Every structure is written in C-alpha cells, then in structure tokens.
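Colleague: Before I use this model for anything, I'd like to go through the labels on it with you. Can you pull it up?

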Amino acid sequence: MALASVTSFPVEAVPQAPEDPLFGLMRAYKADESPSKVDLGIGAYRDDNAKPWVLPVVKKADEILRNDPDLNHEYLPIAGLASFTSKAGELLLGTGSAAAAEKRVASVQTISGTGAVHLGALFLAKFYKVNGANRTVYLSNPTWANHNQIFTNVGLPIATYPYFDKETKSLAFEAMKKALADAPERSIILLHACAHNPTGVDPTPEQWREIAEILKAKKHFPLFDCAYQGFASGDLDRDAGAIRYFIEQGFELVIAQSFAKNFGLYGERAGCFHFVAAPSADAASITTRVASQLAILQRSEISNPPIYGAKIASTVLNDKALFAEWQENLRTMSGRIISMRTALRAKLEELGTPGRWNHITDQIGMFSFTGLSEAQVAKLRSEFHVYMTKNGRISMAGLNTRNVDYFAKAVDSVVREAQ
C-alpha cells in the first residue's frame, strides 16, 4: 500500500522563497548571448579585460604557502588564526593603537564580512539588554540588502535613517543627523566605514565628527561594517579614519571586517569581527569576557573558521615587502575604478546627456548610485543588454575601456527617452 504524501512543511508553512535579486541578475547575465552585454551588477573587481584579477601579491603568498613543508589542513582555533586576526585589527585601528596596547580589543576570525555582521548580530541579540539598551538596529536608507535579514533573522528589530538625497545624489546629512538624534537612547547604529554600499557616498571627516557627537550624546552603540578598506581611496589609513576617530573618542563599539574585496579573496571567505571596549579600569576584563562569549557563539555556528584565505592574508600582512606590494595592488584597483568614474562622467557630459553627472566622480569605491529609475534600468537591460540592480546602482568595476562608451550612450538614450 502506497504511503500518503505527507510533509511537515506544506506550502502554507514553507512558501517558495524569491530568488536573491543579485544572484538572479548574475544568472540572467550569463544566459544572455549578446556580444555587447555588460555586467554592472555584482560587487567583484574586474580588470580592463572584464576578467577576475588575482592580485599579484596573493599569487606570491599562495606560492609561499604551497612550498611550505609545514603546511597542513588542521583545524584553526575557534577564534581563528591569531597571526591574521591581530594584524587585521592593527589594519583597522592603526599601528600603536592605544586600544590594542591596553588589551581593549577582542578579535574573532569569521566567514568574511557577512559572517562578521552575523556574529555581531548574534552577540548583540544575546547580550545587548541592560542599562536601558534599545535593541533596534538603525540601518542607512539604502544599505546593503543583506543587512536587513541578518538582523531580523536573530530577532533584532530594524529601522532606518535617511542617507541618500535623490535630488542632489549626495549625502542627506541634515536628515541623517536628525534621525540619529531622534532615535531612542542607546540604539544600535550601523555605519559603513567607507565606500558606502550601495551609494558610494561617504561622510567627510568633518561630518563624521558631527555624527560621533550625536551618537555620544544619545549613548548610541556603533556597529561599523568595513568591507572596502584600501579599496575605496587606495589608502588604508584614510579608509579607516572614521573607525579610528570613534575609538579615539572613547566609544565602545564593534566592527565587521571583510577581506573579500581588498585581497580579491571572494570565495575564500576571510573576515574578522572586532569588539573594542571603551577606556576604563576594567576594560581588559570586559574584553576578556566578551571574547569568551564570542567563542561560544562561534563554536555553535561554525566551530572553526576556514584556514586558507586567512593564511594568504596573514602571509601578506606580516611581511613588509609583501604588504608594500599589496598597497600597490590596492592602488591599481582603486585607481582603475576612479579612472572609469572619470571616463563615464566625461562621456555623458560630452554627449550632453540631460541632468548633472558630477555625482559619478563625487562618489567613491566600487559602487555608484546613478540616479536612473527602475524603468530606465529595465530598458537598459532589454534594449542594450546592460545588467544592473533595479535601484540604479552600478558596479564601477564592471566598466572598462572597451564598454564605457557603449554604456554611456545607452544611458544617454534611456535618459533622453524619459524627457
């Protein structure tokens, strides 16, 4: 007798989830047979031939590791590779950091930046509860789409603060400040350390100081997401400036750090989560306690982080010559992206494309918020085989000397059509 078809997971309980928009876009691009197609969707660096670029310094580190007779594939400690996490922290906090010297920093290796944000979310969900803590996480509007579900998945409510002014295509600074000031005391505020995703719009150093003043006055808790250090401006210290300023101001905070973009280690999933205690007599003991709980959370999630990407990064970060070469590689990547911004703006202005296009060069990092409407984005895809997210964000790394003119002419066409 045949068994009745029974499941504990009927469609009412487990509906079909929508495809992730970004990966759906990538799938559609790959299926497109047009020789003119342009991929401006996913956030991964491409060289001027539209190919993935393995950093020369990463190739050298890989060679060093493969020729190491002691190389093995044993488990890492729960907190990760210490030679990696210590240098990762130094990269963010700076050489000679007082916080590090005073043992106010706890660092845990994670599954890239996503895993770092997730570990931070888990930690805050479990422990950010006392002294009137407001457990709502405030995200910029817009933000990286994954932020929303990472926090809601662990039961933390989310809210937004204004960030991007669609009219000026720049930072909505006054509205942002008001929202942060109006948020209940001791809220969690997620801040993009540099190269804001998706807008490419960053506060100036002076604006960061004003943001810090508001957060300090309202006793908010900062969570920095740092996925593009060195990749944004080409200067590691400049891109860590906001984080360092907040630490100098005495904030207790956490940082999610990714090495996907700045090392090109996308698939190796190398990242770190850092807790930094505020200066106090018992700061070191606070940090020790936090580190112990982060280890418990990590153990139940992944047990041990992956080893190879961390060893690649550690090899470079701990060798002066390789580190200097990495800095040059960073300047190569950031410089190419900056040159594409310049070329795109120049071509749009040469074509006389309606509107102002200075925001293309004013923005920084991998992404640019073009200001194109969802309808214009759809037309770019259907008529010109240009693939970009429907909110008008483009990955500048997808442009090169062979396609930037084609893209500019396509944009010119859809913008004029909408006039």
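What follows is a chat about why features of this predicted model carry the labels they do.

Colleague: Let's start with the sheet. What makes S2 and S4 the edge strands?

Modeller: The open sheet has seven strands in the order S2-S10-S9-S8-S7-S3-S4, with mixed pairing. Strand S2 (105-111) and strand S4 (158-162) each pair on one side only, and that's what puts them at the edges.

Colleague: How do you know that S7 and S8 pair?

Modeller: Pairing takes at least two bridges, and S7 (residues 188-192) and S8 (residues 221-226) have five, in the parallel sense. One example is His 192, whose bridge partner in S8 is Asp 225. Helix H8 (residues 205-217) packs on the sheet there, touching S7 and S8, with its direction at about 170° to that of S7.

Colleague: And what makes the pairing of the sheet mixed?

Modeller: Look at S9. S8 and S9 pair in the parallel sense over four bridges, while S9 and S10 run antiparallel over six bridges. In residue terms, Cys 226 has Gln 257 as its bridge partner in S9, and Ser 258 has Gly 271 in S10.

Colleague: Why is S9 called largely enclosed?

Modeller: Because six of the six residues of S9 (residues 253-258) are buried. Both faces are covered, too: Leu 253, Ile 255 and Gln 257 are buried on one side, and Val 254, Ala 256 and Ser 258 on the other. As background, side chains in a regular strand alternate between the two faces of the sheet.

Colleague: On to aromatics. Why is the pair of Trp 208 and Phe 246 called edge-to-face?

Modeller: The centres are 6.1 Å apart, and the cut-off for a pair is 6.5 Å, so Trp 208 and Phe 246 qualify. The planes make 85°, and anything over 60 counts as edge-to-face, so that label follows. Trp 208 lies in H8 and Phe 246 in helix H10 (residues 241-248), so the pair ties together parts that are 38 residues apart in sequence.

Colleague: How do you know that Trp 208 counts as buried?

Modeller: Buried means under 20% relative accessible area, and Trp 208 is at 8%, so it passes. Phe 246 comes out at 0%, so it is buried as well.

Colleague: There's a lysine on my list. Why is Lys 347 called buried?

Modeller: Its relative accessible area is 12%, and the limit is 20%, so Lys 347 is buried. Lys 347 lies in helix H14, and leaving out residues up to four places away in sequence, it touches Asp 405, Ala 408 and Lys 409.

Colleague: What makes you say that Arg 393 sits over the ring of Phe 367?

Modeller: The charged end of Arg 393 is 3.7 Å from the ring centre. The distance limit is 6 Å, so that part is met. Phe 367 also belongs to an aromatic cluster with Tyr 45, Trp 53, Tyr 228 and Phe 231.

Colleague: Last one: which element gives the most to the largest nonpolar core?

Modeller: That's H14, with eight residues. The core has 61 residues, and Leu 344 is among those with the most contacts inside it. Beyond its sequence neighbours within four places, Leu 344 is in contact with residues including Ile 360, Met 396 and Phe 407.

Note on methods. Residues numbered from 1 in each chain as written. Predicted model: local features only at pLDDT ≥ 70, side-chain atom pairs only at ≥ 80, totals over all residues. Heavy atoms only, no water. Contact = heavy atoms within 4.5 Å. Axes fitted to C-alpha atoms, helices over the stretch in contact; angles between N-to-C directions. Core = buried A, V, L, I, M, F, W, Y, C linked by side-chain atoms within 4.5 Å. Buried < 20%, exposed > 50% of the residue type's maximum accessible area, 1.4 Å probe, protein only. Phe/Tyr/Trp six-rings, centres within 6.5 Å; stacked < 30°, edge-to-face > 60°. Lys NZ or Arg CZ within 6 Å of the ring centre and 35° of its normal.
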